[in-house]
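Here is a set of short questions and answers on one protein chain. Look at the sequence and the 3D view first, then read on.

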Amino acid sequence: MLFKAVGDSKPYPAHATSQRDWARIPPRQIRLDQLVTTKRTLDLAALLAEDSTFYGDLFAHVVEWQGELYLEDGLHRALRAALQQRTVLHARVLALET
């Protein structure tokens with residue numbers, strides 16, 4: 001299986017983390033099979049676009065909550081990594097307290 005689970009919502013509390021706050025979190029490697037997605041669908045054009053990360057963060061955003069890792073932003077990055085047969089993704093991980 002590519003991901004641990006495919007979700008369609010964010011089960012964790014709202015965190016109001018700004019892009020600047022995300023940028024302060026150092027990226028680390030996360031295994032794709034440990035991630036739970038928060039989106040069921042993906043815009044195929046975003047996945048295939050060469051400049052898909054040009055305007056955003058280069059790293060995916062993951063929220064750690066209650067022992068799970070939720071892929072909040074960067075689904076297209078994760079799928080691109082999988083298509084390239086990589087098992088890990090570089091992501092910024094925000095740990096929320098339970």
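## Contacts, strands, cores and a cavity

Q: Leaving aside its neighbours within four places in sequence, with which residues is Q34 in contact?
A: This is a predicted model, and contacts are read from its atoms. Neighbours within four places in sequence are left aside for Q34. The residues in contact with Q34 are then K4 and L69.

Q: Is Q34 buried, partly exposed or exposed?
A: Q34 lies in the loop between β2 and β3. Buried means under 20% relative accessible area and exposed means over 50%. Q34 has a relative accessibility of 36%, so Q34 counts as partly exposed.

Q: What distance separates the C-alpha atoms of Q34 and Y70?
A: Along the chain, Q34 and Y70 are 36 residues apart. In space, their C-alpha atoms are separated by 8.7 Å.

Q: Which residue in β5 stands opposite V36?
A: Strand β3 covers residues 35–37, and three bridges join β3 to β5. These two strands run parallel. Opposite V36 in β5 stands Y70.

Q: Do β4 and β5 pair in the parallel or the antiparallel sense?
A: Strand β4 covers residues 60–65, and β5 covers residues 68–73. One bridge links W65 to its partner E68 in β5. In the hairpin of β4 and β5, with two residues between the strands, Q66 takes a positive phi near 50°. Over five bridges, the sense of the pairing is antiparallel.

Q: How many residues does the largest nonpolar core have?
A: In soluble globular proteins, nonpolar side chains tend to be buried together. Here, the residues with the most contacts inside the largest core are F3, L32, L35, V62, L71 and L89. At least two residues of this core come from each of β4, β5, α3 and β6. Another core, of nine residues, lies apart from it and includes Y12, V63, W65 and Y70. The residue count of the largest nonpolar core is 14.

Q: Which strand gives the largest share of the lining of the largest cavity?
A: A search of the whole structure finds one cavity of 30 Å³ or more, and the largest cavity has a volume of about 40 Å³. Its lining consists of T37, T38, K39, L71, E72, D73, G74 and L75. The largest share is three residues, and it comes from strand β5.

Q: How many residues of the lining of the largest cavity are charged?
A: The lining of the largest cavity has two nonpolar residues and three polar ones. The number of charged residues in this lining is three.

Technical notes
Residues are numbered from 1 along each chain as its sequence is written. This is a predicted model: local features need pLDDT of at least 70, side-chain atom pairs count only at pLDDT 80 or more; totals for chains, interfaces and linings use all residues. Side-chain values use heavy atoms; hydrogens and water are left out. On a 1 Å grid over the protein atoms alone, a cavity is a set of points where a 1.4 Å probe fits but cannot get out, and a pocket is an open set with protein on both sides within 12 Å along at least five of seven lines; lining residues have an atom within 4 Å of a point. Grid points are joined across faces, edges and corners, and a volume is the space filled by probe spheres set on the points. Helices (H or I, at least four residues) and strands (E, at least two) are DSSP runs, numbered from the N terminus. Ala, Val, Leu, Ile, Met, Phe, Trp, Tyr, Cys and Pro count as nonpolar, Asp, Glu, Lys and Arg as charged, and the others, Gly among them, as polar. Two strands pair if DSSP finds at least two bridges between them. Buried means under 20% relative accessible area, exposed over 50%, partly exposed in between (1.4 Å probe, protein chains only). Contact means heavy atoms within 4.5 Å. A nonpolar core is a set of buried Ala, Val, Leu, Ile, Met, Phe, Trp, Tyr and Cys residues joined through side-chain atoms within 4.5 Å.
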